[in-house]
Amino acid sequence: MAEHLRVSRDGAVAVLTIDRADKRNALTAGMWAALPGVLAELAADPEVRVLVVTGAGPSFCAGADISDLLGGPDAEDPMARLRRDNLAAQAALRDFPRPTIAMIRGHCIGGGVELATCCDLRFTDPTGVFGVTPAKVGIVYTPTSTRQLVDLVGPATTRYLLYSGELLDADTALRTGLVDRLLPAGDLTGEVRRFAEVLAGRSALTQRAAKEVTAALATGGDAEEVAGRWYRETIASGELAEGVAAFTERRAPRFPYGG
């Protein structure tokens, strides 16, 4: 396993923990580079039905390690390699084939927000603090990361965050749509676990289809083609037949699609 990236499994739920608590889980260049491989291994495991992403200790992720920002070999573009690896890590998380939940405590800043917005859902507690801070160091935020913010919080809040670098508390993050659930102190881990188990018991085919259709709608792709392809698969695989039979017989479904 890559340094400072820890994976644990409990049944169908995998937990990816950013494990650099002494630095508020700031991501080094090596951690960004390693993330796609870690995620590929989890995606290839048919037993993994849900992925939870979190941070060790009291913080989620304080962003990229600032000492790496100018450490690239190209003097003309010292951030080139870091930017490439950052975007690859975001894509790997965004395209993970099964539901993903960011479980956020404490600092979720910069690259931490990038990771959180690449997850399907974001749960936090009252300690959550959120910020997008390129204006503090003179970085141009990538269009990919900007688009993810706009899709969640809209253009006005995106501009507020990017222009100012100011932090949002958990209540404001919930109100603006940056997070989906704000849970009472002490309830975060238990509720994320409960909800992950709910997701693990639902149709993986339906979830995969919903993920791809949503992505197509967000990016201007052919959502009708994507939905049609998955609809045909739900018939061919027996997924729909099993779901209807289980409902009729009042039992838990045994969906055949493994995802």
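**Figure 1. Nonpolar, polar and charged residues in the lining of the largest pocket.** In this predicted model, the lining divides into 11 nonpolar, 6 polar and 10 charged residues. The space in the largest pocket comes to about 790 Å³. The lining has 27 residues in total. Closest to the pocket centre are Arg 94, Asp 120, Lys 211, Thr 214 and Ala 215.

**Figure 2. Helices, a strand and two domains behind the largest pocket.** Four elements each supply at least two lining residues: α3 (111–118), β6, α4 (143–164) and α7 (204–219). Helix α7 gives the most, with 9 residues. Domain 1 (5–199) and domain 2 (203–249) each contribute at least three residues to the lining of the largest pocket.

**Figure 3. The tilted pair of Phe 123 and Phe 195.** The model holds 2 aromatic pairs. In the pair shown here, the ring centres of Phe 123 and Phe 195 are 5.5 Å apart. Their planes meet at 40 degrees, so the pair is tilted: stacked would need planes under 30 degrees apart, and edge-to-face over 60. Phe 123 sits in strand β6 (residues 121–124), and Phe 195 sits in helix α6 (residues 188–200). The two are 72 residues apart, and the pair links distant parts of the chain. Phe 123 has 1% relative accessibility. Phe 123 therefore counts as buried, the cut-off being under 20% relative accessible area.

**Figure 4. The edge-to-face pair of Trp 230 and Tyr 257.** The distance from centre to centre is 5.8 Å. The angle between the planes of Trp 230 and Tyr 257 is 90 degrees. This pair, too, links distant parts of the chain. Trp 230 belongs to helix α8 (residues 223–236). Tyr 257 belongs to the segment after α9 (239–249). The two residues lie 27 residues apart. Both Trp 230 and Tyr 257 are buried.

**Figure 5. Phe 247, an exposed residue of helix α9.** Phe 247 lies in helix α9. Its relative accessible area is 71%, so Phe 247 is exposed; the cut-off for exposed is over 50%. Ala 56 serves as a reference point for distance. Phe 247 and Ala 56 are 191 residues apart in sequence. In space, the two are 40 Å apart, C-alpha to C-alpha.

Conventions:
Residues are numbered from 1 along each chain as its sequence is written. This is a predicted model: local features need pLDDT of at least 70, side-chain atom pairs count only at pLDDT 80 or more; totals for chains, interfaces and linings use all residues. Side-chain values use heavy atoms; hydrogens and water are left out. Rings of Phe, Tyr and Trp (its six-membered ring) pair if their centres lie within 6.5 Å; planes under 30 degrees apart count as stacked, over 60 as edge-to-face and the rest as tilted. Buried means under 20% relative accessible area, exposed over 50%, partly exposed in between (1.4 Å probe, protein chains only). On a 1 Å grid over the protein atoms alone, a cavity is a set of points where a 1.4 Å probe fits but cannot get out, and a pocket is an open set with protein on both sides within 12 Å along at least five of seven lines; lining residues have an atom within 4 Å of a point. Grid points are joined across faces, edges and corners, and a volume is the space filled by probe spheres set on the points. Ala, Val, Leu, Ile, Met, Phe, Trp, Tyr, Cys and Pro count as nonpolar, Asp, Glu, Lys and Arg as charged, and the others, Gly among them, as polar. Domain bounds come from an automatic or database domain assignment.
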